[in-house]
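Me: I've got a two-chain model open and I'd like to practise reading it. Can you walk me through it?

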Amino acid sequence: MTEVQEISGEPGDFSVKLIEKPRFIDLSRCTGCGECARVCPVVKKNEYDMGLSERRAAFRRYAQAVPGAFSIEKLGISPCKATCPAHISVQGYVALAAEGRYSEALKLVKEQNPLPAICGRVCHHPCESACKRGEVDEPVAIDSIKRFIADLDLRSETRYVPEIKQRREEKVAVIGGGPGGLTCAYYLAIEGYRVTVFEKLPVLGGMLRVGIPSYRLPRDIIEAEIQVMRDMGIEFRTGVEIGKDVTISMLRKEGYKAFFMAVGAHECKILGIPGEDLEGVYPGVNFLRDVNLGKEVKLGDRVAVVGGGNVAMDAVRTALRNGSSKPFIIYRRSIHEMPANEEEIEECQEEGIEIMTLTNPKRIIGEGGRVKAVECVRMQLGAPDASGRRRPEVIPGSEFIMEVDAVIPAIGQESDWACLTDECACQLTDWGTMRVDPLTLQSHDEDIFAGGDAVTGPKTVIEAIAAGKQAAISIDRFIRGVDLREGREKEWKAIEEVRTEGYDRIPRERMPRLAPGERTSGFDEVQLGFNEEQVRKEAQRCLSCSVCSECYQCVEACLANAVVHEDRAREREVRVGAVIAAPGFQPFDPTLYDTYAYSKFPNVVTSMEFERILSASGPTQGHLVRPSDHREPKRVAWLQCVGSRDIHHCDHKYCSGVCCMYAIKEAVIAKEHSHGDLDTAIFFMDMRTHGKDFERYYNRARDQHGVRFVRSRVHSIEPVPGSDDLEINYATETGTVQSEQFDMVVLSVGFETANSVVDLAGRLDLKLNDNLFCETSSFEPVSGSRPGIFVCGAFQSPKDIPQSVVEASAAAAAAGSLLSSARGSLVRERELPPQLNVVGERPRVGVFVCHCGINISGVVDVKGVRDYARDLPFVEYVSDNLYTCSQDTQVVMREAIEEHKLNRIVVAACTPRTHEALFQETMSDAGLNKYLFEMANIRNQDSWVHSTNPEMATEKAKDLLRMAVSKVVLLEPLQEPELSVNQKALIIGGGVAGMVAARTIADQGYPVFLVERSDRLGGQALSLFKTWKGEDIQGYLKELTRSVMDHPQITVYLSTSVTNVEGFVGNFKTTILNGGTPEVLEHGVAVIATGGKEHRPTEYLYGGDPRVITHQELDRRFMNGDAALKDVRTAVFIQCVGSREPDRPYCSRVCCSHTLESALELKKLNPGSDVYVLYRDLRSYGEREALYLEARRKGVMFVRFNLDDKPKVEATDGKLVVTVKDHVLQRPIRLTPDLLTLATAILPNETEELGQFFKVPANEDGFFIEAHAKLRPVEFATDGVFLCGLAHYPKPLDESVAQAQAAASRAATLLARQTIQFSGMVAVTNQLLCSSCATCVNICPYSAPRFNDKGKAEINPALCKGCGLCVASCRSGAIRLRGFDDAQIFAMIENI
Amino acid sequence: MSEWEPKIVAFLCNWCSYGAADLAGVSRLQYPANIRIIRVPCSGRVNPKFILAAFRSGADGVWVSGCHPGDCHYIEGNLYARRKFALLNSQLEYTGIVEPGRLHFSWISSAEATKFAEVARGVIDAVKAAGPARHFIKKQAEVA
């Protein structure tokens, strides 16, 4: 989760700027239990399963991920939350509502807003205006969702009443019982304060109660939400006017520590026109208040309401319900500028109320002191004013008079400050609002705070609520004497980039409303609220803009307190000497291929998706089913080269190098996974199985598994009407068109460099080539264009895992060479106390039983298990811990070891595979030998898998613990043998691989012996002309040879052979023979680079006709500048000579590229010549594909042949005649070349004896077998012996160089240490019992057992890996395995 | 527990099958609680005597599980294990001391949590079908 921003400096001293992205979960605390994910309501497509499964916003990429900690995907603040004045976690409660978790949703809302039922009705919901769903279709009906959640709670038997933290004695007075005052009181009450709300009016609720009509906000709703506050212990005193009945100074004397002035704005602004004092002019707020308080108000029929805000709307609609038959609105701008809620305007119109826009009253005309008419003037809209709305301008001469019975001005309100008596030091603004600090809401009198309309002028309910909450925070801090400002300045910036494409249009749910006819007759609520189905549907429309919704469910669920929602990105700077760039690739996105309709047909999947479907940990747990209907497919097709070898759909003129092999693998595995007969067909152009043992796999897939291989590039995939099946039409090689149907089609997608990686390369100043892979040379394949930055993997060029791993080690070696002088300078040694001697002591076992939060104790009776342990033999100490892995428990463990003289520890918790090392470290810190430890796995293998059966799970936990205790008492302290390392290397073979390995090790400062059998360094490279990139090999070779010969750390032995090897890792003794006397070399490691050679064929007239030559012979002629090559009129190349034949069933990997290079060279020498390449599959893998493209462009002709119909070569009449059947025409063609080059196989050198010396195996082709093809590609199973070059497998020069660097790198990990420490868990023989049967000697794959001079088996602890194979196989019972001895395992068995 | 529940000892190799058992937990896959797992470094460590000892100690079934062929952390220990197991199994069958359905062997990689849970259920079902094991339990000599 970290990105490199910039690298400055120079090789050996770089400064790297990093941005560490927030994880939102503290790595050091997370126990990986997954409770956060379980409660997270946000559902996302799981990228790890290629979108085929779902995950939560709190997630772990995959079950085995390292580190195993979870993280939260949070992109920022969602627009709804950022826009809401109270910053409610809107996305959070919407997400919870979508899952039907309404009570959690309500609790979340009430963290910021104690009046959700009220807000759910009357809020102007700016959140909905900001909602990004609006860009797809319509915004989510957030307010209605909130209303549903709140109503549900108010209607339930027990309403949610928040917990009071801790009762406090301090008193706080809140002046004003409106939304701001109520909110402040609510949050202060939660903090434990004694709060009194003083209200001037006889009722509570402020404008909610006396401003908003009851058809919009029923009284019982207000009352219900206030009742919750009464239940919390808040005291309400209505009808008390501060400044008159009581003063601030009196309250101060009574002990009130702080005041919140939330008096609102209840005084109507005057219109400022003549006639305003006439009878029948009724200010809007006063009118609403009087009606709402139940006063009888008679206005007459025609009522002109002046204004366009909510008060005006409420007044006009109230007048209608109050008996006026024709109330109407006069507003000076157009309807678009009206500040009232859209719904209110709409409902107004539904109720038949006229809205006269662009009209302004000029004077009110009276008769007998009463309103009779109003004179208005027409307006028009001019330029926008300061508020952004267009300024209304009078149209001169447009005056007109309307007869009216009453006029209600509703153009704004202001506050009444009678409460501020002289003792208050507060100040007011010119607009009559209170002057306060905008962040803390503190006034000029330090114990007086103010907020809501009293500070802002008439604003909205939610703004008053926001102010109330902020005031509560300030007042709490003020009373506690804490800084009021600290940590409160927060920028509420909404994330901007939210994907809005790709969603189906789903209309917003419509609010059911009371029929207009039923409305005007009374004050019944008009908006009736959503039903649950509507709420769920509506909530599911949320786009989860910021992914994490900040619902904070994870915070509560995480007992380890690991969730940190405030986590931020951190910038870090590290100083390094070298940089290795391995950013990898991205799979090609096949939506670009419109005729494959990947995004349209669900059963067309990419190979990456198919990998997940096959994976045991994938979305279907490895069951092969197709996406559309989850049925098992019967026929599956693979289409190769999607996004590779294609310059039409994409500019990818390279081969991705891995797709042929993975398609075959997928086909074979799919067949294994399917229950019936699965038909698999791979459609390909050239089958490229050029890797080690790949050709054999290909043959097996075809011949044994029955995978079909069809040589054809498929143009399009068509749907089969009436089913989810797919049809493929293709042309066979002979041109006939065939059609086949499949249940599923897999697109074998290739590699490409992601745009983000291109950007990274830019920041790193690394040059990329045309294909957007990193530019490197064949001679320094892992060096990027910027010195000191090394590269490896698919970023360097497309490649498979073994080659990537090789390059990774090579890059490490290159970095190691650069930094050799600094090696070890930053190493810190751990200081450990001396180990306690417990030998001979009676076992004293300490047992620690873990709750793992609720992960174990939620199922297993942990305390019961703990008590059970107390009575087990030798147990001296027991405890149970919330988290045994936590830091404090480590302290407890150390103290218990000391205090109770414990000499054995058992932890019953999770799994030793992840946590054994941690507890062992604690034991070492306490001076106890770490092998005196055992774990009982009561989480992963008990509570988690038996959660439905607590009783049996508890029984099992006791059993597992008893077994662990029975074993631990028999454990003994083990020592870890140390072995000194002879820090010298022996390299066998002086070709390019051997020389590069030697130079790389020597450059790191270690002496090297380089032994070469022939009299000259250089090996096969001596016969090679150019690399595939056109680099001169001889020049490089000369320079490499010179540097090796001159290197002070390298001793070169030419014409020398190895005659014997003794010893093992760290201490080999190798005898070499150079003519006369044998010499013994002592070294710690060995690298085998014995190379290979060109196959000398006996076919195609080779050796019988001088015009028939091999590649190396042709290269030599190029190097010698043979003038005759210019005169070649017709040249023919025959591929796979001696390769991919039954007796040599491997591909020699390099010959196709070599042929292309030579063909192009011939074309260069004589562009008029005819060049033919006779091939079986053209394997110009990776970026070498460019050569193939160029050769075809230059007119080289390619003719494909089959193994059963190979070309024939004859010499007739002095002419060389090559006959081959053309694969397109299906007719023999006859060529008469004057040069025939055979692309012959590469063979390994004879190395049987050497293999025996080092006990390293070779395969049936004679190539050495590495320890693991993918994970340890340059190592042998025998420690300390490494492998590179052609001795491993045929490969081109750049790959040999990389492999040699890799071998050197692996060797250096041993050479860098003066001593090697081995595990204490090794096998030991009992000489008295050994019967010298040699079973152990024969079966150990590591050659650890040997006969000693007494003829008894002895095990070298340095070589033993502790597998126990010899122990289980010893017929005499003479071998013991420390840590897993028979006695210990028997003890466990007896205690099941 | 009124109904009889079998007790089964499982010898799981540390690198593959024990890992699969852990992953089954991480994935919260459910299977009955009849199995007592004993961790061994490699299935090649399992001495046939362990299997006999388990039956003697009252186990109703035994299950040995290692890495897939070719995936052994110790190169080929699992193949030796299979050979020993096959031999023992046919011997036990021949002598009739242990009835069919009590002894199981499998290959399960550390990523195959689902397979682990499936095989576990299969083993438990088979052992339940075989009923309580009585032939081989070590008993105190009866005193007249």
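**Reading the contact and the chains**

Reply: Sure. Keep in mind that this is a predicted model. Let's begin with where the chains meet: the contact takes 41 residues from chain B and 44 residues from chain A.

Me: Which elements give two or more residues to the side of chain B that touches chain A?

Reply: Go through the secondary structure piece by piece. On chain B, those elements are helix H1 (17-26), strand S2 (35-40), helix H2 (48-56), helix H3 (77-95) and helix H4 (113-130). H1(B) gives the most, with seven residues.

Me: And how does the side of chain B that touches chain A split by class?

Reply: Sort the residues by side-chain type. You get 23 nonpolar, ten polar and eight charged residues on that side of chain B.

Me: What pattern does chain B follow along the sequence?

Reply: Write down strands and helices in order. Chain B reads β-α-β-α-β-α-β-α, and its count comes to four helices and four strands.

Me: How do I judge its overall shape?

Reply: Set the radius of gyration against the value for a compact globule. For 144 residues that value would be near 15 Å, and chain B has 15 Å, so the two agree. Its C-alpha trace spans about 55 × 35 × 20 Å along the principal axes. As for burial, 57% of the residues in chain B are buried.

Me: What about contacts between residues that are far apart in sequence?

Reply: Take contacts between residues at least 6 apart, then ask what share joins residues at least 24 apart. In chain B that share is 82%; in chain A it is 72%.

Me: How many helices and strands does chain A have?

Reply: Chain A has 40 helices and 62 strands. Its C-alpha atoms fill a box of roughly 140 × 90 × 60 Å, and 49% of its 1392 residues count as buried.

Me: Can we zoom in on one helix there?

Reply: Try H8(A), residues 142-155. A helix can be checked by its length: this one has 14 residues and reaches 20 Å from first C-alpha to last, close to the 20 Å expected.

Me: Why is H8(A) described as largely enclosed?

Reply: Because eleven of its 14 residues are buried. The buried residues run from A:Ile142 through A:Asp151 without a gap, and A:Asp153 joins them. Charged side chains are on the list too, including A:Asp143, A:Lys146 and A:Arg147.

Me: What covers them?

Reply: Look for the contact partners. For H8(A), the cover includes helix H2 (79-83), helix H3 (90-98), helix H4 (102-110), helix H5 (116-122), helix H6 (126-130) and helix H19 (532-539) of chain A.

Technical notes. Residues are numbered from 1 along each chain as its sequence is written. Chains are lettered from A and ligands numbered from 1 in the order in which they are written. This is a predicted model: local features need pLDDT of at least 70, side-chain atom pairs count only at pLDDT 80 or more; totals for chains, interfaces and linings use all residues. The expected span of a helix is 1.5 Å times one less than its number of residues. A residue is buried if 20 or more other C-beta atoms lie within 10 Å of its own, exposed if 12 or fewer, and partly exposed in between; C-beta atoms are placed from the backbone. Two residues are in contact if their C-beta atoms, placed from the backbone, lie within 7 Å. The radius of gyration is taken over C-alpha atoms; the globule rule is 2.2 Å times the number of residues to the power 0.38.
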